[in-house]
Structure formats: structure tokens, C-alpha cells
Amino acid sequence: QDWEQRQEEDTLLIERILLLVRNVLHVPLDPTEEQGVDGDASVHDRVLWALHISGMDDLLKFLASAQAEQQWALHVLEIISLMFRDQSPEELAALGQGQAAAEHGEDTRELETLRQRELAERRARALQRPSRHSRFGGSYVLQGLKAIGDRDVVFHKGLHNLKSYSHDLGKETRRVPRRRQA
């Protein structure tokens with residue numbers, strides 16, 4: 001519901017739920033109760049996983065980012081700080097880099113092999129073509145276009161210039177005095 005359509009009871013319910021989540025996350029760690037195997041998830045981690053499975057983390061992200069829900073910002077901030085309570089910034093920063101570094105290394109190796117293959121193809125193409133470039137573009141007879149008399153037009157430029165061909169190609173335009181211009 002939008003905040004305009006909420007009743008006072010709905011607002012109180014939202015605040016109570018946020019306080020409940022905060023209080024559940026605020027429970028301190030008890031090492032004597034948690035005698036698990038190394039690497040096993042702690043109670044705090046299992047609570048966070050349950051919040052994630054239930055979709056509560058998405059609701060918290062929505063409450064934190066929605067402009068109309070600013071009244072809950074401090075509750076959400078407190079919940080997020082409690083979510084990261086047992087984590088050090090170094091651990092959080094290094095957490096995603098193990099996989100990212102492996103993927104990055106794999107991507108760089110793949111890009112390097114593609115680059116080497118492309119360079120080899122480029123060298124092979126360079127060896128296949130002659131070393132000197134001929135400036136002679138060729139002469140072509142344009143059948144169907146008549147030149148002076150009954151002969152066909154002879155075109156001395158490359159075929160890529162054929163689209164811009166006109167009979168006035170080499171002619172100089174006559175200059176008309178300004179007072180006689182239309």
C-alpha cells in the first residue's frame with residue numbers, strides 16, 4: 001500500500017516487524033552454544049539465510065531506497081549494520097574476489113589466445129598479398145553509356161567510384177558574373 005492509503009495500524013505493524021527483525025539480529029553470539037565444525041554456518045548466518053529465502057532482504061532494500069519510505073530509514077540502517085555485525089571489511093571485500101579473480105584470469109587467458117590467433121591470421125594475410133601496391137585502378141568500358149560518337153564510355157577510375165560518375169566529371173564549371181546570376 002502507498003503511505004497515503006495506510007492506516008495507523010498498518011504503520012505500527014511495519015514498525016513492529018522492523019523492530020522484531022532488528023532484535024532477532026541483535027542477539028549476541030554465544031560461542032559455548034555454537035560448537036559446530038569449522039566453516040559451518042553460525043546461528044547468525046542461518047538467520048540471514050532465512051531472511052534472504054523469505055524475501056525480507058528485498059523488502060529492506062526497497063524500504064532503504066524508496067523516497068516515500070524515508071520514515072523507516074534508521075530502522076533499516078540499523079538492521080543492515082546488524083547483518084554485517086560479525087564481518088570485517090577486509091573479509092567482505094575479499095569474499096567475491098576469489099571467484100572474480102579466477103573468472104578474470106580465465107577471461108584474460110581466453111582473450112590472449114584470441115588475440116594471438118588474430119595476429120597469426122593477420123600475418124598470414126600479409127604474406128599472401130604482394131608487397132608493392134599498384135596505383136593502376138584499371139580501365140573499364142561502360143556499356144550502354146555512349147561517349148562522343150557511337151563508342152562506349154571508358155572509365156579510368158576504380159569501380160567504387162562508378163556510382164558518382166557523370167559526363168561532366170572532368171569538366172571545369174564556367175563562372176557566371178554575379179550580376180548575371182539568377
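Before you click on anything, one term: two residues are in contact when they have heavy atoms within 4.5 Å of each other. You'll also want to know that helices (H or I, at least four residues) and strands (E, at least two) are DSSP runs, numbered from the N terminus.

What you have open is a predicted model, where local features need pLDDT of at least 70, side-chain atom pairs count only at pLDDT 80 or more, and totals for chains, interfaces and linings use all residues. Residues are numbered from 1 along each chain as its sequence is written, and side-chain values use heavy atoms, with hydrogens and water left out.

**Stop 1: the whole chain**

Show the cartoon. You should find 6 helices and 2 strands, in the order α-α-α-α-α-α-β-β along the sequence. Of the 182 residues, 14% are buried; that means under 20% relative accessible area, while exposed means over 50% and partly exposed lies in between (1.4 Å probe, protein chains only).

**Stop 2: helix α4**

Select residues 73-83, which make up α4. Which residues of α4 are buried? Colour His75, Val76, Ile79, Leu82 and Met83. They sit on the same side of α4, because they cover an arc of only 125 degrees around the axis (the arc is taken from the directions from the helix axis to the C-beta atoms). Here's a handy rule: an α-helix has 3.6 residues a turn, so residues three or four places apart point the same way.

Now spin round to the face turned away from that buried side, and you'll meet the exposed Leu74 and Leu77. Next, add α1 (8-26), α2 (43-54) and α3 to your view: the buried residues of α4 pack against these helices.

**Stop 3: His75**

Zoom in on His75, which belongs to α4. Its relative accessibility is 17%, so His75 counts as buried. What does His75 touch, leaving aside neighbours within four places in sequence? Select Glu15, Leu18 and Leu19 to see those contacts.

**Stop 4: where α3 meets α4**

Keep α4 and select α3, residues 56-65. The two axes come within 10 Å and cross at roughly 135 degrees. Axes here are lines fitted to C-alpha atoms, for helices over the stretch in contact, and angles run from 0 to 180 degrees between N-to-C directions. The helices are therefore oblique to each other: angles under 35 degrees count as roughly parallel, over 145 as roughly antiparallel, 65 to 115 as roughly perpendicular, and the rest as oblique.

Finally, show side chains: Leu60, Leu63 and Ala64 in α3 meet Val76, Ile79 and Met83 in α4.
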